[in-house]
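Colleague: I have a model open and would like to learn how to read its helices and packing. Could you take me through it feature by feature?

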Amino acid sequence: MTTRAAQRPKFFMYMAYAFLAIALIGFSTTFFIPLAQRTFSAPPIIHIHGALLFGWLLFFIVQASLIQRRSFLTHRQLGVIGAALCIAIVASGVLIGLHVTRRDLAAGGDDFVLGQFVNILIEMFLFGSLVGAAIAFRRDSESHKRLLLLATISALAPAWLRMRHLLPGVPNPFVTFSLLADSLLLVAIARDWIALKRVHPVYIWVGGAMVAVHITELLAITSQPWLRLSRFLLGEPAV
């Protein structure tokens, strides 16, 4: 059993640990360091959402570890935890979007702040949809694990964006770090090509759609349709 487990590809294990490292680094200056210095102050929903997201990353590590050890039954039994985490992350993410958008608009935020609310809603829908698809394809292990990988890549965008505080010289950080976040898909594609001599359709079609959604968000964030929709959802008067 140990020998067979050691021979199993460890790519998803490595990616799980990389995801956790990205989150820890990205949120270091805006959450972990201020929290350690007792200077961090935020509404409870932000603490809850943060705990849920890191819970998801730890859950991803545990599930990948169970597959590595061929503990398939335990892996399946714990799946309900992942579904519950997904629902809680989406719900708390929407609430945070409402909070930060109203807060920043009250502080004089511009159209970028307003349009970003639509992006937050899309990201929560995208994460939930990818996890939902992974659950639907749970009997197809190759599609299942790749859909969960894509969901986690998408969920890490806020951590990447906060790296602008560590690298203030990066030009146009919103675009740059958004593209870097999606570049992890290229790592997954390269692994498939090297190990399997082909790329799984999930990466091509679902991963391609995910990137297309993110590019649309970048291009449309201050567009009139985005701004009108955001004002409608927030109950703000039309301009």
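Colleague: Which hand does the crossing of α2 and α4 have?

Modeller: This is a predicted model. In it, α2 and α4 cross in the left-handed sense. The axes of α2 (residues 11-26) and α4 approach within 9 Å, at a crossing angle of roughly 165°. Angles over 145 degrees count as roughly antiparallel, so α2 is roughly antiparallel to α4.

Colleague: Which residues make the contact between α2 and α4?

Modeller: On the α2 side they are Phe 12, Met 13, Ala 16, Tyr 17, Phe 19, Leu 20, Ala 23 and Leu 24. From α4 come Phe 54, Leu 57, Leu 58, Phe 60, Ile 61, Ala 64, Ser 65 and Gln 68.

Colleague: How far apart are Ile 67 and Phe 12 in sequence and in space?

Modeller: The two are 55 residues apart in sequence, while their C-alpha atoms are 9.6 Å apart in space. Ile 67 belongs to helix α4. With a relative accessible area of 26%, Ile 67 is partly exposed, since buried means under 20%.

Colleague: How do I compare the length of α4 with what is expected?

Modeller: Use the rise of 1.5 Å a residue. For the 25 residues of α4, the expected span is 36 Å, and the distance from first C-alpha to last is close to that, at 36 Å. The same kind of check can be made on α6. Its 28 residues (79-106) should span 40 Å, and the end C-alpha atoms lie 41 Å apart, which agrees.

Colleague: What follows α4?

Modeller: Arg 70 follows α4, and its phi is positive, near 65°. Arg 70 is a residue other than glycine. The loop that holds Arg 70 runs between α4 and α5 (72-77). Arg 70 has 31% relative accessibility, so it counts as partly exposed.

Colleague: Where else should I look for a positive phi?

Modeller: Look at Asn 172, which is not a glycine and has a positive phi of about 45°. Asn 172 sits in the loop between α9 (157-161) and α10 (173-182). After α6 comes Gly 108, with a positive phi near 100°.

Colleague: Which residues of α6 are buried, and what do they pack against?

Modeller: The buried residues of α6 are Gly 82, Leu 85, Cys 86, Ile 89, Ser 92, Gly 93, Ile 96, Gly 97, Val 100 and Thr 101. They pack against α4 (44-68), α7 (111-136) and α13 (224-234).

Colleague: How do α6 and α7 lie relative to each other?

Modeller: Their axes come within 9 Å and cross at roughly 180°, so α6 and α7 are roughly antiparallel. In α6 the contact includes Ala 83, Val 90, Val 94 and Leu 98. Their partners in α7 include Val 113, Phe 117, Leu 121 and Met 124.

Colleague: What should I look for in a nonpolar core?

Modeller: In soluble globular proteins, nonpolar side chains tend to be buried together. Here the largest nonpolar core has 50 residues, and Phe 19, Trp 56 and Leu 149 touch the most other members. Beyond four places in sequence, Trp 56 contacts Gly 82, Leu 85, Ile 89, Phe 127, Val 131, Leu 148 and Thr 152.

Colleague: Is His 144 buried or exposed?

Modeller: A relative accessible area of 15% makes His 144 buried. His 144 is part of helix α8 (residues 141-155). Apart from neighbours within four places in sequence, His 144 is in contact with His 75, Ala 134, Ile 135, Phe 137 and Arg 138.

Colleague: And what does Ser 143 touch?

Modeller: Not counting residues up to four places away in sequence, Ser 143 touches Phe 137, His 200 and Val 202. Ser 143 also lies in helix α8. Its relative accessibility is 7%, so Ser 143 counts as buried.

Colleague: One last pair: how do α11 and α12 lie relative to each other?

Modeller: The axes of α11 (residues 184-196) and α12 (residues 201-220) come within 11 Å and cross at roughly 170°. These two helices are therefore roughly antiparallel to each other. Leu 185, Ala 188, Ile 189 and Asp 192 of α11 meet Tyr 203, Gly 207, Gly 208 and Val 211 of α12.

Conventions
Residues numbered from 1 in each chain as written. Predicted model: local features only at pLDDT ≥ 70, side-chain atom pairs only at ≥ 80, totals over all residues. Heavy atoms only, no water. Helix = DSSP H or I, 4+ residues; strand = E, 2+ residues; numbered from the N terminus. Expected span 1.5 Å × (residues − 1). Buried < 20%, exposed > 50% of the residue type's maximum accessible area, 1.4 Å probe, protein only. Contact = heavy atoms within 4.5 Å. Core = buried A, V, L, I, M, F, W, Y, C linked by side-chain atoms within 4.5 Å. Axes fitted to C-alpha atoms, helices over the stretch in contact; angles between N-to-C directions. Parallel < 35°, antiparallel > 145°, perpendicular 65-115°, else oblique. Left-handed = near helix turned anticlockwise from the far one by under 90°.
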